[in-house]
Structures are given as C-alpha cells and as structure tokens.
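Work through the following exercises with the sequence and the model open side by side. Each task is followed by a solution that proceeds step by step.

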Amino acid sequence: MTSKQPMTAEKARDLFPCFPVALVTAGDNVASFGLMHVFSFKPPIIGIGVRRTRYTYEMIEKNKDFGINLPGKDLVEAVNICGRKSGRDVDKFQLAGLTRMAPSEINSVLVEECPMNIECKLHRKIEMPEASHDWLLGEIVTAHKNEGAVPEDALLYWNQMYRLIGDAVGKRE
Ligand SMILES: Cc1cc2nc3c(=O)[nH]c(=O)nc-3n(C[C@H](O)[C@H](O)[C@H](O)COP(=O)(O)O)c2cc1C
C-alpha cells in the first residue's frame with residue numbers, strides 16, 4: 001500500500017494545481033488575481049477572491065463592475081508588477097507597459113495586451129470576515145477575444161510558478 005504523508009491544513013491548499021491568473025481591472029486600475037472560478041453557467045458568473053485591503057476591492061465596490069483580462073505567456077512580467085504594487089500608489093498600466101482599452105458595457109477599463117477580456121457586472125459580494133478573502137461574483141455581460149486566440153493560451157498560476165496548460169489525457173463521456 002502507498003504510504004500517505006500528513007500535511008498541514010494550510011499547505012493542503014497547494015494540492016489544487018493551477019488556477020488561471022487574470023489581470024483584473026476595476027475602475028482605472030489593474031491587479032493580478034489567481035483566486036478565481038466559474039460560479040454559474042446560466043447566468044454566466046465568475047467569482048474572484050479579493051483581500052479586503054486591496055484597492056481593487058474598493059474600486060469594484062465603487063464601480064459595481066470589473067474586467068477579467070486573461071494574459072498570455074508574454075505578460076509574466078506585467079503580472080508580477082501588477083501583483084506587487086497597489087493602484088493607490090502608482091499607475092500600474094504605465095509601470096507595466098500596458099494599454100487601457102475602452103470597455104463596451106462596464107465602467108472599468110480593460111487591458112489591450114491580453115488576448116481575452118471579459119466584462120462583468122458585480123452580481124454579489126460574499127463577505128467572509130473570518131477568512132483571508134471575500135468573494136466578489138460578477139455576471140459576464142460581454143467579452144472580447146483576439147482573432148485566433150484560444151483558452152489554452154491563458155497563463156496559469158500555482159505555487160509561485162506561472163505555467164501553461166499540459167496534455168489532454170482523456171475525454172469526458
Ligand atoms: C500571481 C498573483 C496572484 C495573486 N492573486 C491574488 C488573489 O487572488 N487575491 C488577492 O486579493 N490578491 C492577489 N494577488 C496580490 C495582488 O495582486 C496585489 O496585492 C496587488 O498589489 C493588489 O493591487 P491593488 O491594491 O491595486 O488592488 C496576487 C498577486 C500575484 C502576483
């Protein structure tokens with residue numbers, strides 16, 4: 001029998017491999033987010049886990065919307081920059097060499113360099129004062145994608161490393 005090693009509860013979260021990493025835009029600001037999931041297919045809802053101290057949190061509450069911009073592998077450095085500095089202190093678009101793109105249906109700007117951009121209107125806030133992050137859920141109202149771009153181009157993040165998706169090994173039946 002294979003022997004199982006015990007792990008701390010805190011370390012166990014690293015057993016989940018790879019979330020997509022997004023440049024989340026809120027108002028005029030951009031920041032990197034790895035805690036993210038699809039919460040509903042119909043209506044289409046995506047949730048992001050946001051620490052209450054983030055400027056992004058404040059901006060989403062103010063604008064009632066946010067953009068999920070999915071970067072490709074060429075934007076690793078921009079993701080690092082947008083995940084290190086706060087929009088309270090600097091213009092991260094300028095610092096990371098990113099371009100503001102006009103949204104169609106929300107107030108928050110989008111990131112031109114990301115091949116996929118999803119516009120969300122704030123649907124619900126799940127406040128969890130006992131936990132590190134609150135969950136902000138957004139209903140997708142429209143999206144844009146570069147010609148030829150595919151979801152497989154999107155950057156993933158896990159355990160301090162950025163990655164691309166690996167092999168397909170079976171089909172759901
Ligand atoms: C790869 C990566 C993933 C991150 N994921 C999250 C996340 O899911 N939730 C969060 O609150 N902060 C996350 N951060 C940290 C924020 O991006 C960082 O604190 C940023 O400076 C916040 O900017 P703001 O104050 O302009 O909102 C992540 C950073 C990196 C580099």
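Helices, of type H or I with at least four residues, and strands, of type E with at least two, are DSSP runs numbered from the N terminus. The model is a predicted one.

**Exercise 1. Describe the overall make-up and dimensions of the protein.**

Begin with the secondary structure, which comes to four helices and 12 strands. Next, place the C-alpha atoms in a box along the principal axes, which measures roughly 55 × 40 × 35 Å. Then compare the radius of gyration with the globule rule: for 173 residues a compact globule would have a value near 16 Å, and the protein has 17 Å, which agrees. Finally, consider burial and contacts: 29% of the 173 residues count as buried, and among contacts with a separation of 6 or more, 64% join residues that are 24 or more positions apart.

**Exercise 2. Which elements supply at least two residues each of the shell around the ligand, and how is that shell composed by class?**

First list the elements: strand E3 (29–33), strand E5 (45–51), helix H2 (55–63) and helix H3 (76–82) each supply at least two residues. Of these, E3 gives the most, with four residues. Then turn to individual residues: 23 surround the ligand, and Leu 35, Thr 56, Gly 83, Ser 86 and Gly 87 come nearest. Sorted by class, the shell holds eight nonpolar, 10 polar and five charged residues.

**Exercise 3. Is strand E2 (residues 22–26) mostly covered or mostly exposed, and what are its pairing partners?**

Start with burial, for which the cut-off is 20 or more other C-beta atoms within 10 Å of a residue's own. By this count five of the five residues of E2 are buried.

Next, separate the two faces, bearing in mind that in a regular strand the side chains alternate between the two faces of the sheet. Ala 22, Val 24 and Ala 26 lie on one side of E2, Leu 23 and Thr 25 lie on the other, and all of them are buried.

Now follow the pairing. E2 runs antiparallel to E3, with five bridges between them, and Ala 22 has Phe 33 of E3 as its bridge partner. The two strands form a hairpin with two residues between them, and Gly 27 in the turn has a positive phi of about 65 degrees. E2 is also joined to E6 by three bridges in the antiparallel sense, with Thr 25 opposite Gly 67.

Last, place E2 in the largest nonpolar core, which has 33 residues, those touching the most other members being Ala 22, Leu 23, Val 24, Val 30, Ile 68, Val 79 and Cys 82. E2 gives the most to this core, with four residues. Leaving aside residues up to four places away in sequence, Leu 23 touches several residues, including Val 30, Val 79, Cys 82 and Val 111.

**Exercise 4. Trace the pairing from strand E6 (residues 65–70) through strand E9 (residues 116–126) to strand E10 (residues 133–145).**

E6 and E9 run antiparallel and are joined by six bridges, Phe 66 being paired with Cys 120 in E9. E9 continues to E10 through 10 antiparallel bridges, with Asn 117 opposite His 144. Six residues lie between E9 and E10, which form a hairpin.

**Exercise 5. Why is one side of E1 and of E12 left without a neighbour in the sheet?**

Write down the strand order first: the open sheet of three strands reads E1-E11-E12, with antiparallel pairing. Strand E1 (19–20) and strand E12 (161–163) stand at the edges with a single partner strand each, so one side of each has no neighbour in the sheet. For the E11 and E12 pair, three antiparallel bridges are found, and Trp 158 stands opposite Met 161.

Terms used. Residues numbered from 1 in each chain as written. Predicted model: local features only at pLDDT ≥ 70, side-chain atom pairs only at ≥ 80, totals over all residues. Near = placed C-beta within 6 Å. Nonpolar A, V, L, I, M, F, W, Y, C, P; charged D, E, K, R; others polar. Pairing = 2+ DSSP bridges. Rg over C-alpha atoms; globule rule 2.2 N^0.38 Å. Buried ≥ 20, exposed ≤ 12 C-beta atoms within 10 Å, placed from the backbone. Contact = placed C-beta atoms within 7 Å. Core = buried A, V, L, I, M, F, W, Y, C linked by C-beta atoms within 7 Å.
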